[in-house]
Amino acid sequence: MPLGTEIASHLPFLRRYARALTGDQQAGDGLVRRLLEMALTEPELRARLSGGRLPLYRAFSDLFAAQETPRSTASHAPADLRLGRIAPLARQALLLTTIEDFTPAQAAQVLGLTPDETADLARGAVADIARDSATSVLVIEDEPLIAMQLETLVTSMGHSIFGTAATRAQAQKLMVKGVPGLVLADIQLADGSSGLDAVADLLAVADVPVIFITAFPERLLTGDGPEPTWLITKPFREDSVQAAMAQALFFRQS
């Protein structure tokens, strides 16, 4: 089977991981592109990538470690100040075991660590990243039980609820009173409106990190047109949302 065919189904998720790790769509996609370009000219790397998802992420991890610590193309001064305190390995362990749904043993293989070391890094990462990052969160979700679950998760992390909206119109009304520090947004809303449109309304007036929650993240990572940086797969695990929030706030401008 050609290498491109073998890894094609994994690329949207590798791009999601790269974006979450770097905090920027352009930087994350650039690293994935670099890995694929290297595979075209390096037979040994190309052979490694033929083993499926795990070796693909391992090769990406090696590339990320070999790079100078990536910086977003946007100005993220507070994040830069914290980069020295939050080890890249800890953030990778967190993302791999939550958003990317690797087991601790699989994540350990990706990072070249033991499962215990990987688990310890992941446990400490959220607290380290969340320190000094408390903010208000807008929840855009049309299913009441899921909205309540997200509200509980947000407050358990020390954040406050800016408001909850089930439609684009409700989100617009909430935005009149100010700007949240973070948004958790479903894609398909109660009245047929779109969470993408609701978020676009907000981003037209303010630069706010947004985490989209969808059952089909690969449909938003096609490489065609603007795409979100932060994506959570539905049905979601709470620790996946927690990890994405921590990462998004890590790169947030003050």
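1. Contact here means heavy atoms within 4.5 Å. Among contacts in the chain between residues at least 6 apart in sequence, 68% join residues at least 24 apart. The model is a predicted one, in which local features need pLDDT of at least 70 and side-chain atom pairs count only at pLDDT 80 or more, while totals for chains, interfaces and linings use all residues. Residues are numbered from 1 along each chain as its sequence is written, and side-chain values use heavy atoms, with hydrogens and water left out.

2. The secondary structure of the chain comes to 13 helices and 5 strands; these are DSSP runs numbered from the N terminus, helices being H or I of at least four residues and strands E of at least two. Of the 254 residues, 52% count as buried. Buried means under 20% relative accessible area, exposed means over 50%, and partly exposed lies in between, with a 1.4 Å probe and protein chains only.

3. Helix 3 (residues 25–41) and helix 5 have axes that come within 10 Å and cross at roughly 110 degrees. Axes are lines fitted to C-alpha atoms, for helices over the stretch in contact, and angles run from 0 to 180 degrees between N-to-C directions. Helix 3 and helix 5 are therefore roughly perpendicular to each other; angles of 65 to 115 degrees count as such, those under 35 as roughly parallel, those over 145 as roughly antiparallel and the rest as oblique. Leu31, Val32, Arg34, Leu35 and Met38 of helix 3 meet Leu56, Ala59, Phe60, Leu63 and Phe64 of helix 5. The residues of this contact divide into 9 nonpolar, no polar and 1 charged. In this division Ala, Val, Leu, Ile, Met, Phe, Trp, Tyr, Cys and Pro count as nonpolar, Asp, Glu, Lys and Arg as charged, and the others, Gly among them, as polar.

4. Helix 5 (residues 53–66) also has an axis that comes within 12 Å of that of helix 7 (residues 88–97), with a crossing of roughly 160 degrees. The two helices, 5 and 7, are therefore roughly antiparallel to each other. Their crossing is right-handed, meaning that the near helix is turned clockwise from the far one by less than a right angle, whereas anticlockwise would be left-handed. Tyr57, Ser61 and Phe64 of helix 5 make the contact with Pro88, Arg91, Gln92 and Leu96 of helix 7. By class, the residues of this contact are 4 nonpolar, 2 polar and 1 charged.

5. Arg53 deserves a separate remark. This residue belongs to helix 5 and is partly exposed, at 24% relative accessibility. Residues up to four places away in sequence aside, Arg53 touches His10, Glu100 and Phe102. The side chain of Arg53 reaches the backbone oxygen of Glu100 at 2.8 Å, a polar contact being a pair of N or O atoms within 3.5 Å, where within protein one must be able to donate a hydrogen and the other to accept it, and residues adjacent in sequence count only if both atoms are side-chain atoms. The C-alpha atoms of Arg53 and Glu6 are 9.3 Å apart, with their positions 47 residues apart in sequence.

6. Two buried residues may be considered next. Thr22, in helix 2 (residues 11–22), is buried, with a relative accessible area of 1%. A polar atom of the Thr22 side chain lies 2.9 Å from the backbone oxygen of Ala18, and the same side chain reaches the backbone oxygen of Asp24 at 3.2 Å. Asp29, in helix 3, counts as buried at 12% relative accessibility. Its side chain forms a polar contact of 3.2 Å with that of Arg15. Not counting residues up to four places away in sequence, Asp29 touches Arg15 and Arg19.

7. Leu89 and Thr103 are each related to Thr118. Leu89, in helix 7, is partly exposed at 35% relative accessibility, and its C-alpha atom is separated by 8.5 Å from that of Thr118, 29 residues apart along the chain. Beyond four places in sequence, Leu89 is in contact with Leu111, Leu113 and Leu121. Thr103 lies in the loop between helix 7 and helix 8 (104–111), and its C-alpha atom is 10.0 Å from that of Thr118.

8. Two backbone features merit inspection. Most residues other than glycine have a negative phi, and most peptide bonds are trans. Asp101, in the loop between helix 7 and helix 8, has a positive phi of about 60 degrees although it is not a glycine. A cis peptide bond, with omega about 0 degrees, joins Lys234 and Pro235; Pro235 is in the loop between strand 5 (230–233) and helix 13 (238–250).
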